[in-house]
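Trainee: I would like a close look at the interior of this model, with the parts that build it and the residues around it taken in turn. Please keep the account connected, and keep the confidence of the model in view.

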Amino acid sequence: MPPSEKPRALFPDTSWGLILRCQERDEAFRVHLDQLFRRYWGPVYAYVRRNWANDDETAKDLTQAFFLSLIEREAIDDVAEARGRFRHFILRALKNFLCSTKRHANAKKRRPAQGLVSLDAIAAGESPRVAQVLGSDGDAAFDEDWRRAILAVVLDGLRRRAGEVGKQVLVDLFVASDLAPPGEKRPSYEDLAGRFGLTHSQVRNGLYWVRQEFESQLRREIQDQVASEDDLRLEIQDLFGR
């Protein structure tokens, strides 16, 4: 390595992926914002609906207003790597926003002149399902909603990857085997083989492949939301127990 060349860091200057790309204000800026908001609309809406709003429309209005406030205050531009995990930044910003809103029921719908990426379309669509658990911890519920949002993104990427190599069935196999609802008995390889019309060895080898792909995509997705290797490890451990 030449003396003037520095060792390459695990997380380069452009870490925080989508977040930092939103700072560039180039022609792809709104595309990056669209991706960012689509991923985190669900957890933010669910937190607002569960903890602050008595009805769906008020929750949508507050969620929309929160995302608009991030752009109007250019809060995203203030994000620095030192702030750690983006999930924590969003939750802190959301709490501050809600506390500063004097009367939630009177929150007005705000629409920028040129429209805000796809938020209007998202808000007009079906609202995320919100688990109403009495006495539940708001932060813990937000973390679970965030986990589900990440999982949805990873599974979408996994399905695209499997489709490229003609292994779409393996994603359904993985979901049935590894992502069964809590408390549900995990199916055996024999059960899975019968359900999907595969041999025992096809199930075993297929799960090995798809699990490797899942872990790789999960790591890439979360790496886009953290600022260091330690944060990456902690975020995966906190959200997925891995």
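Mentor: Let us begin with the largest nonpolar core, which has 52 residues, and in which V48, F66, F67, I90, W146, I150 and I222 are the residues with the most contacts inside it. The elements that give two or more residues to this core are α2 (29–51), α3 (56–72), α4 (86–100), α6 (138–164), α7 (168–178), α8 (189–196), α9 (200–223) and α10 (229–240). Of these, α2 gives the most, with 9 residues.

This is a predicted model, and the confidence of the prediction belongs beside any reading of it. The chain averages a pLDDT of 77, and 67% of the residues score at least 70. Among the elements, helix α5, which covers residues 119–124, has the lowest mean pLDDT, 56, whereas α8 has the highest, 96. Residues 1–15 have a pLDDT below 50, and this stretch makes 17 contacts in the model beyond near neighbours in sequence.

As for the chain around the core, there are 10 helices and 0 strands, and the pattern read along the sequence is α-α-α-α-α-α-α-α-α-α. Of the 242 residues, 43% count as buried. When contacts between residues at least 6 apart in sequence are considered, 71% of them join residues at least 24 apart.

From the core we can turn to how particular helices are set against one another, beginning with α6, the helix that holds D143 and R161. Two packed helices are described by the angle between their axes and the distance between the axes. For α6 and α10, the packing angle is about 105° and the axes are 10 Å apart, which makes α6 roughly perpendicular to α10, since angles of 65 to 115 degrees are counted in that class. On the α6 side of this meeting stand D143, W146, R147, I150 and L151, and on the α10 side E235, L239 and F240. Two of the α6 residues named here, W146 and I150, also belong to the set with the most contacts inside the core.

D143 deserves a separate look. With a relative accessible area of 25%, D143 is partly exposed, because that value falls between the 20% under which a residue counts as buried and the 50% over which it counts as exposed. Leaving aside neighbours within four places in sequence, D143 is in contact with R87 and L239. The C-alpha atoms of D143 and L91, residues 52 apart in sequence, lie 9.3 Å apart in space.

Another aspartate, D145, brings us back to α2, the helix in which R50 has its place. The side chains of R50 and D145 are joined by a polar contact of 3.2 Å. R50 has a relative accessible area of 15%, and therefore counts as buried, the limit being under 20%.

Further along α6 comes R161, which is partly exposed at a relative accessible area of 29%. Beyond its neighbours within four places in sequence, R161 is in contact with W209, E213 and Q217. Of these, E213 is 52 residues from R161 along the chain, and their C-alpha atoms are separated by 8.4 Å.

Next comes α7, where Q168 lies. Q168 is partly exposed, with a relative accessible area of 45%, and, apart from neighbours within four places in sequence, is in contact with A162 and G163. Between the C-alpha atoms of Q168 and L158, which are 10 residues apart along the chain, the separation is 8.9 Å.

In helix α8 we find F196, which is partly exposed with a relative accessible area of 22%. Neighbours within four places in sequence aside, F196 is in contact with V169, D172, L173 and A176. One of these, D172, is 24 residues from F196 in sequence, and the distance between them is 8.8 Å, C-alpha to C-alpha.

The same helix brings us to a second packed pair, for the axes of α8 and α9 come within 9 Å and cross at roughly 95°. The two helices are therefore roughly perpendicular to each other. Here Y189, E190, L192 and A193 in α8 meet H200, V203, R204, L207 and R211 in α9. Both α8 and α9 are among the elements that give two or more residues to the core with which we began.

Notes: Residues numbered from 1 in each chain as written. Predicted model: local features only at pLDDT ≥ 70, side-chain atom pairs only at ≥ 80, totals over all residues. Heavy atoms only, no water. Core = buried A, V, L, I, M, F, W, Y, C linked by side-chain atoms within 4.5 Å. Buried < 20%, exposed > 50% of the residue type's maximum accessible area, 1.4 Å probe, protein only. Helix = DSSP H or I, 4+ residues; strand = E, 2+ residues; numbered from the N terminus. pLDDT = per-residue confidence, 0-100. Contact = heavy atoms within 4.5 Å. Polar contact = N/O pair within 3.5 Å; in protein donor to acceptor, adjacent residues only side chain to side chain. Axes fitted to C-alpha atoms, helices over the stretch in contact; angles between N-to-C directions. Parallel < 35°, antiparallel > 145°, perpendicular 65-115°, else oblique.
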